[in-house]
Amino acid sequence: MSRHWLLKSEPEAFSWTEQQARGVEPWTGVRNHLAKQHLRAMRLGDLAFFYHSNTGREIVGIVEVVREAYPDPTAESGDWVCVDVRARQTLPRPVTLAAIKADPALAGMALLRQSRLSVSPVTAAEWAHLCALGGLP
DNA sequence: GCCAACGTTGGC
DNA sequence: GCCAACGTTGGC
């Protein structure tokens with residue numbers, strides 16, 4: 001039973017296009033304790049939405065966790081972790097933040113309740129709903 | 001331990 | 001560019 005997540009990235013810093021080009025990419029730079037807990041809870045094979053924050057404000061793709069939490073090499077202290085993710089697929093239709101906010105079925109999403117959290121959990125129901133909105137079978 | 005000041009995130 | 005949310009820092 002794999003769990004589901006949502007990862008935020010500003011496209012100016014690291015975009016979905018770059019993720020696709022790189023294949024496997026370490027998800028580094030998380031410096032928030034709750035986000036760190038979520039990184040540590042990720043398991044091989046878990047899937048995560050790739051969300052463009054700030055510019056775009058939409059879910060654009062899906063990545064798969066291919067390496068579980070290990071020390072973030074970009075952290076000065078050893079206190080932070082990262083995971084490796086691989087691009088899996090692009091959503092046929094990006095799901096915008098506006099669409100998420102307008103949908104009562106998604107009102108409980110951590111994305112909406114904690115706007116500054118860069119790594120957040122997604123429930124199975126939310127995942128299925130978002131996939132449908134994104135044009136996946 | 002409280003809280004004001006400050007910095008960062010991220011939507012608008 | 002503005003500002004709300006919220007985490008961190010530092011004086012007391």
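**DNA strand C**

I began with the protein residues around DNA strand C and found N32, H33 and R116. The model is predicted, so I read every distance below as a computed one. I then split the strand atoms within 4 Å of the protein: 50% belong to sugar or phosphate, and the rest to bases. For R116 I looked up a polar contact and noted a polar side-chain atom 2.2 Å from a base oxygen of DNA strand C.

**DNA strand B**

Next I listed the residues around DNA strand B: K8, Y51, S53, N54, R57, L97, K101, S115 and R116. For this strand, sugar and phosphate make up 73% of the atoms that come within 4 Å of the protein. R116 therefore goes into my notes twice, since a residue is near a strand if one of its heavy atoms lies within 4 Å of it; R116 is listed around DNA strand C and around DNA strand B.

I sorted the residues of the surface near DNA strand B by class and got 2 nonpolar, 3 polar and 4 charged.

Which atoms of Y51, N54 and K101 lie by phosphate oxygens of DNA strand B? I wrote down these three entries.

- Y51 places a polar side-chain atom 3.0 Å from a phosphate oxygen of DNA strand B.
- N54 has a polar backbone atom 2.7 Å from a phosphate oxygen of DNA strand B.
- K101 has a polar side-chain atom 2.4 Å from a phosphate oxygen of DNA strand B.

**Loop between β3 and β4**

I checked the backbone of two residues from the list around DNA strand B, N54 and R57. N54 sits in the loop between β3 (47-52) and β4 (58-71). Its phi is near 70°, which is positive although the residue is not glycine. R57 is also placed in the loop between β3 and β4. For R57 I read a phi near 50°, again a positive value in a residue other than glycine.

**Sheet**

I traced the strand order next. The open sheet has 6 strands in the order β2-β5-β4-β3-β1-β6, with mixed pairing. Why is one side of β2 and of β6 (119-122) left without a neighbour in the sheet? Both stand at the edges and each has a single partner strand, so nothing in the sheet lies on the other side. I also took the turn between neighbouring strands of this sheet, which is 40° on average with direction ignored.

For the β1 and β6 pair I counted the bridges: 4 of them join the two strands, which run antiparallel. In register, L6 stands opposite S120 in β6.

**Largest pocket**

Last I looked up the largest pocket, which holds about 270 Å³ of space. It is lined by 14 residues, and those closest to its centre are K8, S9, W27, T28 and S118. K8 is thus an entry here and in the list around DNA strand B.

Which strands each supply at least two residues of the lining? I noted β1 (4-9) and β2 (24-27). β2 gives the most, with 3 residues. By class I recorded 5 nonpolar, 5 polar and 4 charged residues in the lining of the largest pocket.

Definitions and conventions
Residues are numbered from 1 along each chain as its sequence is written. Chains are lettered from A and ligands numbered from 1 in the order in which they are written. This is a predicted model: local features need pLDDT of at least 70, side-chain atom pairs count only at pLDDT 80 or more; totals for chains, interfaces and linings use all residues. Side-chain values use heavy atoms; hydrogens and water are left out. On a 1 Å grid over the protein atoms alone, a cavity is a set of points where a 1.4 Å probe fits but cannot get out, and a pocket is an open set with protein on both sides within 12 Å along at least five of seven lines; lining residues have an atom within 4 Å of a point. Grid points are joined across faces, edges and corners, and a volume is the space filled by probe spheres set on the points. Ala, Val, Leu, Ile, Met, Phe, Trp, Tyr, Cys and Pro count as nonpolar, Asp, Glu, Lys and Arg as charged, and the others, Gly among them, as polar. A polar contact is a pair of N or O atoms within 3.5 Å; within protein, one must be able to donate a hydrogen and the other to accept it, and residues adjacent in sequence count only if both atoms are side-chain atoms. Two strands pair if DSSP finds at least two bridges between them. Axes are lines fitted to C-alpha atoms, for helices over the stretch in contact, and angles run from 0 to 180 degrees between N-to-C directions.
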